[in-house]
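Hello,

Here is the structure I promised to pass on to you. Please open it beside this email, and then read on for what turned up in it.

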Amino acid sequence: MGDGLINFANLGWVGILFAAYYLATHLDAIPEDHKRKVRDLYERVKDYPLSAIVVAAWLAVRVLFALGWQLQLELLLVMIVCNYGVRTIARARGRAAQDLRRELTASANPTAVLGTHLPEWVMFPSANRVQWLNSVIVSMWPSIVAATDTSMRAVLEPLLEKNRPSFVKGFRIHSASIGTNPITVNGMQHHAYGSTETTLDINVSWTADMDIRLLIRVPGPDMEVSVTDFEMKMTVRAVLGPHIPQWPCFANIGISIVNTPELDFNITAGKIPLDAVPGLGDFLEHFIRRTLVGVLAYPKSIVIPIVKGYELKKGLGSGALGTLKVRFLHIGNVEKKYNKYKKTPFYCKLALEGQSKRLRTASYTGFEKPMTDAFSFTMYDNTGILHVWFAFDVPGNDLHVGQCDITTKQLMETDLDEVELIITKESDASHARRVSVFVKPEFFAFTSREQQQAPAAPPDTPPPRMSTAHFRDEVSMGRPPTVPTSRGSTPRHSLGGTTCNSGTLFVHVDRATNLKNLESVGKSDPYVLLRVGTSTARSPHINNNLNPVFNWDGEVEVANCETDVLLVRLVDKNVKTDKLIAELQMPLTRFTENQSDKINGTFPLSPRGSITFSASFMRHT
């Protein structure tokens, strides 16, 4: 009986049940990218009956257990080989694309070369060509390599130590050479956000023959890990400021990353490619990506001082263009096969590209029913994509109809009072319309008393990036590529008047001190909750701390700065019900009393404690 109960299959089932229980009780500890993958998987299989999904999963696990450990080991080796082959092919394709991009950039007549990987100035004929800048980089590259070796060691070692996993004892850099292949600038865009700084978005790509070798101290023998064949494409935001009346006329350079960078690289330990091992490769890639993006993702930045004694303004509000409001109006052109769902509630979801959280409308019954939902997004550029999904609210198993992707540039610059979003199924090669969702987009540009002295609009040149899929569709339909107008141009909508009371409040919360402990065992796990009217923002929580350092940026919408009140709450996170620790109420007239519409300092909380934060109110024009 013991042999019948204690066997490989039963131990496996016990392990699965334990893992499911652990994940259910530690849901907040799961990284956001893993949650997003689960949600994407759910969206793909949600149209199938639940019973079929459960049976298929059970059969797959049952067959896996029936194989025995020897066949499972063989299967694992086959997966490693296949995974390595797929990654190698993908990397070869990426290198071919990079080579093609460099060839087109250097060509005197690049439009005659066929291909989809075109440099930015070919996609936008009116853009400034940047070959001269690439020539300067090539001539200076040996000096850049020598200077980077020292600076990379100074930056990487503290960064690695700060993000060190618990099973790693330490790091030591053996080599930090970025190689002989220079970086390539594909396009550049200047933005006039204010009168005190200059902002440049620089789209770059790089196929590096770098040699970065790390000695990792782990239990047992130390391991040397090499990062090679590094490929990258991203948009770097360089902020030069503040402007000063002495050379070089700006005091600091702030470096950030906007949008999601495209990265690829090889990680080896000795001769073994670690990124080919299922699970381990994803862990290493996500660790490097999170480290890079976590440190440099805008509004975070690395500030390089040029002239001492000046501080570069940072924060979410420093580079925001304005607010994009999307109002849902109604649906129409419903495909005939969905007529049987006339009395079934429907709803829409939407999300900006790169954001894991999907916003949901209310449910509506009847195809003629008007929709009243409105959503607002703070825009830092107009190069993004808005995803909109349509579904029927079927009890137990929602029916996912399809989605529509539209560029934020189109929404920000349209003059139409009604825009049709054509919902199609991604897997349908014909892209036939299943339903139309009609929305009214409005873009309200930001201004402030400081920015009123700045130029009214930036130069009429295009942004550095455009959706490759959109460009490819334009060409395949026989139309010339659309030449976009300036990012951050004069808004299509205005709220009227010389002074506007609506806008967005950008808040940077530094820390809270001397909070009251609400826990009988241990200490409270506080987080910050901001509220103005119905608009809210919430920070991550800090475990077991009554003097938490948040270093967090949030934003809330303001309907009327003359009457609205900012509510700042410190809340204790609990498994069942969160509890209020302390709060602060501040009328927004405290901000408008200042010439700069800003406030900062340490403020008392009620009934106990204090909070240190700074805030800036950006008005709509």
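Let me start with one strand pair and widen the view from there. Val568 stands opposite Leu584, which belongs to strand S22. This pair is one small part of a larger pattern: strand S21, residues 565–572, is joined to S22 by eight bridges, and the two strands run antiparallel. Together S21 and S22 make a hairpin, with six residues between them. Another facing pair to look for is Asp572 and its bridge partner in S22, Lys579.

Please keep in mind that this is a predicted model.

The hairpin also carries a charged pair. Glu583 and Arg569 form a salt bridge, and their closest N and O atoms are 3.1 Å apart. Glu583 sits in strand S22 and Arg569 in strand S21, so the salt bridge ties together parts of the chain that are 14 residues apart in sequence. Are these two residues buried, exposed or partly exposed? Glu583 has 22% relative accessibility, so it counts as partly exposed. Arg569 is partly exposed as well, with a relative accessible area of 30%.

Now step back to the sheet around the hairpin. Four strands form an open sheet, in the order S19-S18-S21-S22, and their pairing is antiparallel. Which strands stand at the edges? They are S19 (535–538) and S22 (579–587); each has a single partner strand, so one side of each is left without a neighbour in the sheet. On average, neighbouring strands of this sheet are turned by 20° against each other, ignoring direction.

A few words on salt bridges in general may help. Side chains of opposite charge can pair when their charged atoms come close. How many salt bridges does the structure hold? There are nine, and two more of them are worth finding on your screen.

One of them joins the side chains of Asp201 and Arg237, at 2.8 Å from N to O. This pair links distant parts of the chain: Asp201 is in strand S3 (residues 198–208) and Arg237 in strand S5 (residues 223–243), 36 residues apart. Both Asp201 and Arg237 are buried.

Another is formed by Glu413 and Lys409, with 3.3 Å between the closest N and O atoms. Here both partners lie in helix H8 (residues 408–413), four residues apart, or about one turn of the helix. Glu413 and Lys409 are also buried.

Next, have a look at the surface. Val63, Leu64, Leu67, Leu71, Leu75 and Met79 form a nonpolar patch there, and together they have about 470 Å² of accessible area. To find the patch, go to helix H4 (residues 50–106), which is where Val63 is placed.

Finally, here is the chain as a whole:

- The secondary structure of the protein chain comes to 10 helices and 24 strands.
- The chain has 621 residues, and 43% of them count as buried.
- About 33,100 Å² of the protein chain is exposed, with carbon and sulfur atoms supplying 59% of that area.
- Among contacts with a separation of 6 or more, 66% are between residues 24 or more positions apart.

If you would like a place to begin, try the hairpin of S21 and S22, and then look for the salt bridge between Glu583 and Arg569.

Best wishes, and enjoy exploring!

Methods: Residues numbered from 1 in each chain as written. Predicted model: local features only at pLDDT ≥ 70, side-chain atom pairs only at ≥ 80, totals over all residues. Heavy atoms only, no water. Pairing = 2+ DSSP bridges. Axes fitted to C-alpha atoms, helices over the stretch in contact; angles between N-to-C directions. Patch = residues over 30% accessible without salt bridge, like charges linked within 9 Å, V, L, I, M, F, W, Y side chains within 5 Å. Areas by Shrake-Rupley, 256 points an atom, 1.4 Å probe, with all protein chains shown as cover. Salt bridge = Lys/Arg side-chain N within 4 Å of Asp/Glu carboxyl O. Buried < 20%, exposed > 50% of the residue type's maximum accessible area, 1.4 Å probe, protein only. Contact = heavy atoms within 4.5 Å.
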